[in-house]
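Reader: I've got a model open on my screen and I'd like to learn how to read it. Could you walk me through it?

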Amino acid sequence: MELELVNPEHEVHGKMLHNESRKHESIFTSVKIQENNSIMLSSLAGSTLGVWVSHGEGKFQLPLAEEQYNIVGKYGYENYPANPNGSDYNTAMLCDSTGRHLVMMPHIERSTFQWNWANYPKDRNDEVSPWHEAFVNARLWIEKI
């Protein structure tokens, strides 16, 4: 966010601030993946997935209207503690207009195996969690260029 790669066209840029709780938050919550153009996450649009969050400065402060941002993922619930930081528009993940630059506060890398999850759906029998697809998508994109 501080490099201003996510919305370089904006005159006033978003920031990452301390969580509204003013403390480090480490929880297992859920994220709803929106329709998006992210190289890593576009194939997961429509999914609601469990994910770990662990940060003290995770609040997306977005000064413009919601439609001015490419919000990739939103916390499953708007209120604390499910939205552990108080982000504007319930934002958990966003990307730039090209889909190449992605910023997120949930830790999908800590949630790649079903045994990493605090609660994994009983009806799924995955070798790896759906979050693994994001890393596969990134590798496939790199192989194309």
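Author: Let's go from the overall fold to the sheet, the core, the aromatic rings and the salt bridges. One caution to begin with: this is a predicted model, where local features need pLDDT of at least 70, side-chain atom pairs count only at pLDDT 80 or more, and totals for chains, interfaces and linings use all residues. Residues are numbered from 1 along each chain as its sequence is written, and side-chain values use heavy atoms, with hydrogens and water left out.

Reader: Fine. Which helices and strands does the protein have, and in what order do they run?

Author: Helices (H or I, at least four residues) and strands (E, at least two) are DSSP runs, numbered from the N terminus. Here you get one helix and eight strands, and from the N terminus the order is β-β-β-β-β-β-β-β-α.

Reader: And how compact is the protein for its 145 residues?

Author: For that we use the radius of gyration, taken over C-alpha atoms, and a globule rule of 2.2 Å times the number of residues to the power 0.38. The radius of gyration is 15 Å, close to the 15 Å that the rule gives for 145 residues, so the protein is as compact as a globular protein of that length. Its C-alpha trace spans about 45 × 40 × 20 Å along the principal axes. Contact means heavy atoms within 4.5 Å; of the contacts with a separation of 6 or more, 65% are between residues 24 or more positions apart.

Reader: Now the sheet. In what order do the strands sit?

Author: Two strands pair if DSSP finds at least two bridges between them. Six strands make an open, antiparallel sheet in the order β7-β6-β5-β2-β3-β8. At the edges stand β7 (102-104) and β8 (106-107); each has a single partner strand, so one side of each is left without a neighbour in the sheet. Inside the sheet, β2 and β3 pair over eight bridges in the antiparallel sense. To see one of these, find Ser26, whose bridge partner in β3 is Ser54.

Reader: What about the core? Which residues have the most contacts inside it?

Author: Start with burial: buried means under 20% relative accessible area, exposed over 50%, and partly exposed in between (1.4 Å probe, protein chains only). Buried residues make up 46% of the 145 here. A nonpolar core is then a set of buried Ala, Val, Leu, Ile, Met, Phe, Trp, Tyr and Cys residues joined through side-chain atoms within 4.5 Å. The largest one has 30 residues, and Met1, Leu41, Phe60, Met93 and Trp131 have the most contacts inside it. At least two core residues come from each of β2, β3, β5 (70-75), β6 (91-95) and α1 (132-144), with β6 giving the largest share, four residues.

Reader: I clicked on Asn7. Is it buried or exposed?

Author: Asn7 counts as buried, at 7% relative accessibility. This residue is in the segment before β1 (15-17). Leaving aside neighbours within four places in sequence, Asn7 is in contact with His13, Gln68, Tyr69 and Leu94.

Reader: How do I read an aromatic pair?

Author: You describe it by the distance of the ring centres and the angle of the planes. Rings of Phe, Tyr and Trp (its six-membered ring) pair if their centres lie within 6.5 Å; planes under 30 degrees apart are stacked, over 60 edge-to-face, and the rest tilted. That rule gives four aromatic pairs. One of them is Phe28 with Trp52, edge-to-face at 5.1 Å centre to centre and 65° between the planes. This pair links distant parts of the chain, with Phe28 in β2 (residues 25-33) and Trp52 in β3 (residues 48-55), 24 residues apart. Phe28 is partly exposed at 22%, and Trp52 is partly exposed at 25%. Another edge-to-face pair is Trp117 with Tyr120, at 4.6 Å and 70°. Trp117 is buried at 10%, and Tyr120 is buried at 13%. Phe28, Trp52, Trp117 and Tyr120 form one aromatic cluster.

Reader: Last one: how many salt bridges does the structure hold?

Author: A salt bridge is a side-chain nitrogen of Lys or Arg within 4 Å of a carboxyl oxygen of Asp or Glu, and the structure holds five. Among them is Glu2 with Lys15, the closest N and O atoms being 3.6 Å apart. Glu2 lies in the segment before β1 and Lys15 in β1, so the pair ties together parts 13 residues apart in sequence. Glu2 is exposed at 53%, whereas Lys15 is partly exposed at 29%. Then there's Arg139 with Glu143, at 2.8 Å between the closest N and O atoms; both lie in helix α1, four residues apart, about one turn of the helix.
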